[in-house]
Amino acid sequence: MAITTPAGSSRRDFIRLTGTLGMAAGLAVSLAACGGKAKTAGGAKGSGTATDQEVTHKDGVITAGISYELGTNGYDPMTTSSALTVAANWHTLEGLTELHPATREVYAALAAEMPKKVDDTTYEATLRKDAKFTDGSAVTADDVVFSFTRVLDPANKSLYSQFLPFIDKVEAKDASTVTIKLKYAFSLVAERLSVVKIVPKAVVEADAKKFDMNPTGSGPYKMTDNGAASQKVVFERNDSYNGPRPALAKSMTWQVLPDDTTRTNAVSSGSVQAIDAVPAANLSTLKDPVKVAAQQGFGLLFAMFNNTTFSNVKARQAVLYALDYAKICDTSMAGLATPATCFVQEGHPAYKKAKVVYSMDAAKAKSLLAEAGVTTINLLCTDHGWFSAVRPVIRENLEALGVTVKYDEKKSADTYSFIESADGAKAWDVVIAPGDPSVFGDDADLLMRWWYGGDVWTDARMHWKGSEGQKAIQALLDEAVKLEGDKQIAKWQEAFDKISEDVPLYPLFHRKAPTAYNSSTLENFKPISLTGLSFVGTGSSKS
């Protein structure tokens, strides 16, 4: 097995990673030299190699094992946010622009070229000539207007609307051109347009529920089985696709394999060619031709607090001071995680060490809990396998404070259904769960708005909306969005500081996303630092 790390990772990080694996004799480990990275304005550097490999097998089949399940909703890009459905949509749907999952480079997708700036608050985008949806219908400007309108409509409660506060309206200029009117000048228009995937108006209006379960898109692949019953998501090449990222395989099958052992055995045996979320405990069992790439990204494990029961900030800070980050990151995560010193990971262009950096201080944690009057902590964790070794450490750390810890574990979908229910609203204090909004984009504004900008998280989950901290952070985001360059970054860093003090939800660590893949049968496969798998530009010699 060869473990690769992206350019920009330090040799110290590599040594920490390989050292924790207890490498046995004969286990080949190499530090791959990766090419330069593309990056988007205000976003993190990409994690893919700069140079594509030639794909000689363009009619093979790709098989993969995915750790995440379908989630509470389907694939509709207006509403879906689960790792599985978002990754699937990378392959079947398109925005006017897209961010490459590996390089994070923004490129014209359904747009024939990058959106043209007419003036500071007006952009135009012309559709790719002869672009078609998988049902054979032409993609029109009306479809683009419809797609943006439904995301921006407050009645639809789209999570993606919070990423588009700068858009006033989108109008059809003619059958193939749209005009995008802004409320104010914004420096990341091209990147941010990618969050809206263009869907066929006629199909969605005819049967929105059917579309949700099996969307019609214009991407390089079309979905033929959504996996709801079979636990296999199946794709076929979209022969009508005429864009810049064609499918380089005849078909793909993604097996839904949430069990760590089953998923690891699948790639070891060759029944699948790639898996995401390689369990730390299984890294050293993988042998050539299977390679493992550990890509540092924004993806994190967070502590979210119920501001109804934990309204005192001292109680929230106490939990963060209680944790043994060295044990969590170096032992439980086998070096595949770095303790958070800021909301974003070190290496992100907007990174600056936050005003408050949390490290283990049990005495301080006990004192803060006492001041807050907390004697019991209701701790709820999602049951994702990749951080299974972290959960007992967190529980142990909190119990060491001398308080009663009532512990529970639930599937991710069940966790959020519970805390949003009338019965569950006050039945939890702390949730430990993973998150990775960088799948939608990696500029600091987008990453913060995911958790701190919309009602789903701030109101329905954290019960933090309307607090002084929430209003202060929202004001900083609203100021920053109208700035550019260093002034914008400085304002984001003010927001990082405020978040580190108020901690309604805060990262415990940023993780390296470990992906295992068969290097002999996959061609031009690029591991990503995001949650999920991408086969954009990937071919296969497997038939």
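The legends below describe close-up views of a predicted model, in which local features need pLDDT of at least 70, side-chain atom pairs count only at pLDDT 80 or more, and totals for chains, interfaces and linings use all residues. Residues are numbered from 1 along each chain as its sequence is written, and side-chain values use heavy atoms, with hydrogens and water left out.

**View 1. Domain layout of the chain.** The domain assignment, whose bounds come from an automatic or database source, gives domain 1 (61–92 + 219–289 + 519–542), domain 2 (94–206) and domain 3 (297–512). The C-alpha centres of domain 1 and domain 2 lie 26 Å apart.

**View 2. The contact between domain 1 and domain 2.** Domain 1 and domain 2 bury about 1,900 Å² between them, 58% of it on carbon and sulfur atoms (buried area being the accessible area, with a 1.4 Å probe, that two parts lose on being put together, summed over both). In domain 1, the residues losing the most area to domain 2 are P77, M78 and N242, which together account for 32% of what that side buries.

**View 3. The salt bridge between domain 1 and domain 2.** The count between these two domains is 1 salt bridge, defined as a side-chain nitrogen of Lys or Arg within 4 Å of a carboxyl oxygen of Asp or Glu. D76 forms a salt bridge with R150, and their closest N and O atoms are 2.5 Å apart.

**View 4. The span annotated in UniProt.** An unreviewed UniProt entry lists residues 105–467 as "domain: Solute-binding protein family", an annotation of a kind that may be inferred rather than shown by experiment. The end C-alpha atoms of residues 105–467 lie 37 Å apart, and the span is 28% helix and 23% strand (DSSP runs, with helices being H or I of at least four residues and strands E of at least two).
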